[in-house]
Amino acid sequence: MENILYAPWRDEYVTHEKIEGCIFCYIYSHADEDEKLHVLYRAKNCFIVMNKYPYTPGHFMIIPNMHTDKLEELPAETWLEMSTLAQKCVRLLKEGFGAKGVNIGMNLGGAAGAGIAEHIHMHLVPRWERDTNFITSIAQTRVYSTDFEKIYKKLKSLIPKYI
C-alpha cells in the first residue's frame, strides 16, 4: 500500500464519545468546556466556534444561542449581532490571519446541504489564492495544511484585537 493519507485529527472522530442531541445547543450550554470545544468567542445572543471538519484552515461558524432551523424566526437582535460579528471576523481573517478572501454562507435545511440542519449557523471560510487543487476534484479528499489546534490558538489570540 503506497498511498496513505495521514489525518491524525480524525482520530477523535472515531474514538470520541458522541454528543446526544444538538451539538450546537451542547456547546452553548457548556461554557466551561470552551477550550475543549474550540469556542473562540461568546456574545450575548450567539457564539463563534471552530468548524471541527473545516474546508480550509481557520474555518469557523457564528451560531445563535437559540435553537432554531428557521432564519426567518430568528430575533432581529440576534441576526444583527451575528452580522456585526461576521464583519469583525472578516477583518480578523484578512488582517490578522492573512486570508486573501472569505466565503460566508448558510445552508438552511438539509435540502440546501446543511450538515446540522436543526440549528442554523453561519460559516466563515478563509481563502487564499490557489488554495484548491485537483485532489479535491479527483479524489474527493480535502488537504488541511496545518495543525487544527495551532490554528485555534492563533485565532483565539486575535479575538481581543478584532472583536
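This note goes through the sheet, the helix across it, the nonpolar cores and one exposed leucine in a predicted model.

1. The sheet is open and is built from five strands in the order β1-β2-β3-β5-β4, with antiparallel pairing. Strands β1 and β4, the latter spanning residues 101-105, stand at the edges with a single partner strand each, so one side of each is left without a neighbour in the sheet. From one strand to the next, the twist averages 20 degrees.

2. At the β1 end of that order, strand β1 (residues 39-42) and strand β2 (residues 46-50) run antiparallel and are joined by three bridges, while the hairpin that connects β1 to β2 does so through three residues. Two of the pairings can be followed residue by residue: tyrosine 41 stands opposite isoleucine 48 in β2, and arginine 42 has phenylalanine 47, also in β2, as its bridge partner.

3. Helix α6, which covers residues 148-162, lies across β1, β2 and β3 (60-64), and its direction makes an angle of about 25 degrees with β1. Leucine 40 can be checked alongside this arrangement, since, with residues up to four places away in sequence not counted, leucine 40 touches Ile48, Val49, Met50 and Phe60 as well as Tyr152, Leu155, Lys156 and Ile159.

4. Leu40 also appears in the largest nonpolar core, a set of 26 residues in which Leu40, Met50, Phe60, Ile62, Leu93, Leu124 and Leu155 have the most contacts inside the core. At least two residues of this core are supplied by each of β2, β3, α4 (76-96), β5 (122-127) and α6. Another core lies apart from it and has nine residues, including Phe24, Ile27, Val49 and Ile63.

5. In soluble globular proteins, nonpolar side chains tend to be buried together. Against that background, is leucine 80 buried or exposed? Leucine 80, whose place is in helix α4, counts as exposed because its relative accessibility is 55%, and the cut-off for that class is over 50%.

6. A further check on leucine 80 concerns its position relative to asparagine 45: the two residues are 35 residues apart in sequence, and the C-alpha to C-alpha separation in space is 9.7 Å.

Definitions and conventions. Residues are numbered from 1 along each chain as its sequence is written. This is a predicted model: local features need pLDDT of at least 70, side-chain atom pairs count only at pLDDT 80 or more; totals for chains, interfaces and linings use all residues. Side-chain values use heavy atoms; hydrogens and water are left out. Two strands pair if DSSP finds at least two bridges between them. Helices (H or I, at least four residues) and strands (E, at least two) are DSSP runs, numbered from the N terminus. Axes are lines fitted to C-alpha atoms, for helices over the stretch in contact, and angles run from 0 to 180 degrees between N-to-C directions. Contact means heavy atoms within 4.5 Å. A nonpolar core is a set of buried Ala, Val, Leu, Ile, Met, Phe, Trp, Tyr and Cys residues joined through side-chain atoms within 4.5 Å. Buried means under 20% relative accessible area, exposed over 50%, partly exposed in between (1.4 Å probe, protein chains only).
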